[in-house]
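Open the model in your viewer and keep the sequence panel beside it. The stops below go from aromatic rings to a sheet and then to two serines.

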Amino acid sequence: DEYGTPLPGVSVNLADKVIYTDEEGHFSLSNPVVSGNRYVIKFEKEDYFDFLYSKEVDDTTGVLIVMSRYGNSDYTRQVRFSAMDGVTVNVRGMIVDIPGEGLVREDGSLYEGEVLMNVLYLNPEEKNFRQMMPGGDLLAIRSNQDTTSLISYGMVNVIMKDDKGGKLQLREGAPAELSYPIPPSLLSIAKD
């Protein structure tokens with residue numbers, strides 16, 4: 001986790017395989033079936049934000065993954081609010097504004113009850129950003145098919161659940177607003 005504590009029992013999912021981390025938080029995958037030239041690995045643990053990681057199949061080096069627990073920390077906020085009222089949450093200057101009467105259940109029906117929302121904000125200037133950043137190397141393909149790496153100004157993960165633990169999402173026509181501070185070290189890039 002973000003405090004350096006090993007996480008046993010993390011579900012590690014890659015294509016046709018599911019294994020779990022050991023008591024030290026370690027895992028090893030042997031001969032997984034993948035399509036293309038990249039692994040996409042999903043890490044899951046109850047009460048933690050899911051984590052996706054991607055890397056080239058030929059890259060056999062180990063990786064350090066840092067998962068964040070739901071709750072309140074330097075990186076996270078957990079709030080309860082009425083779906084009818086909406087909420088504004090601030091995590092170190094990154095603001096998430098959820099509109100009132102703006103959430104629906106998975107079946108599309110309007111949700112009017114209490115919401116449990118967990119927010120994770122990753123600032124690229126933080127020391128653990130690379131280990132906490134989902135996606136791995138942020139590889140992208142340009143329109144001319146060349147590859148490049150993206151530059152991140154920050155990332156946010158917002159998980160909203162109803163009073164029974166079901167997933168909630170924004171109602172069509174009720175957008176949320178997200179505001180990110182531009183990290184000082186990236187101001188010159190942002191102006192280009």
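Begin with the aromatic rings: rings of Phe, Tyr and Trp (its six-membered ring) pair if their centres lie within 6.5 Å, with planes under 30 degrees apart counted as stacked, over 60 as edge-to-face and the rest as tilted. Under this rule there are four aromatic pairs. Select phenylalanine 27 and phenylalanine 43, which form an edge-to-face pair because their centres are 5.6 Å apart and their planes stand at 65 degrees. Phenylalanine 27 sits in the loop between strand E2 (17-20) and strand E3 (38-44), while phenylalanine 43 is in strand E3, so the pair links distant parts of the chain, 16 residues apart. Helices (H or I, at least four residues) and strands (E, at least two) are DSSP runs, numbered from the N terminus.

This is a predicted model, in which local features need pLDDT of at least 70 and side-chain atom pairs count only at pLDDT 80 or more, while totals for chains, interfaces and linings use all residues. Residues are numbered from 1 along each chain as its sequence is written, and side-chain values use heavy atoms, with hydrogens and water left out.

Now colour the two rings by accessibility, where buried means under 20% relative accessible area, exposed over 50% and partly exposed in between (1.4 Å probe, protein chains only). Phenylalanine 27 is partly exposed at 28%, whereas phenylalanine 43 is buried at 2%. Add Phe51 to the selection: Phe27, Phe43 and Phe51 make up one aromatic cluster.

Next, select tyrosine 121 and tyrosine 180. Their aromatic pair is tilted, at 6.3 Å centre to centre and 55 degrees between the planes. Tyrosine 121 belongs to strand E9 (residues 114-122) and tyrosine 180 to the loop between strand E14 (177-179) and helix H2 (187-191), so the pair ties together parts that are 59 residues apart in sequence. Tyrosine 121 is buried, with a relative accessibility of 2%; tyrosine 180 is partly exposed, with 35%.

Return to E3 and show the strands around it. Two strands pair if DSSP finds at least two bridges between them. In what order do the four strands of the open sheet stand? The order is E2-E1-E3-E4, with antiparallel pairing. E2 and E4 are at the edges with a single partner strand each, so one side of each has no neighbour in the sheet. Neighbouring strands are turned by 20 degrees against each other on average, direction ignored; the axes are lines fitted to C-alpha atoms, for helices over the stretch in contact, and angles run from 0 to 180 degrees between N-to-C directions.

Pick lysine 42 in this sheet. Its bridge partner in E4 is leucine 52, and asparagine 13 stands opposite lysine 42 in E3. E3 and E4 pair over six bridges, and strand E1 (residues 11-14) pairs with E3 over three. Six residues lie between the strands in the hairpin of E3 and E4, where aspartate 47 takes a positive phi near 70 degrees.

Last, select serine 68 and serine 73. Serine 68 lies in the loop between E4 and E5 and is buried at 3%. Contact means heavy atoms within 4.5 Å; leaving aside neighbours within four places in sequence, serine 68 is in contact with Glu2, Tyr48, Phe49, Thr76, Leu120 and Met132. Serine 73 is in the loop between strand E4 (51-56) and strand E5 (76-82) and is buried at 14%. With the same neighbours left aside, serine 73 is in contact with Glu2 and Tyr3. The side chain of serine 73 reaches the backbone nitrogen of tyrosine 75 at 3.1 Å.

Terms used: A polar contact is a pair of N or O atoms within 3.5 Å; within protein, one must be able to donate a hydrogen and the other to accept it, and residues adjacent in sequence count only if both atoms are side-chain atoms.
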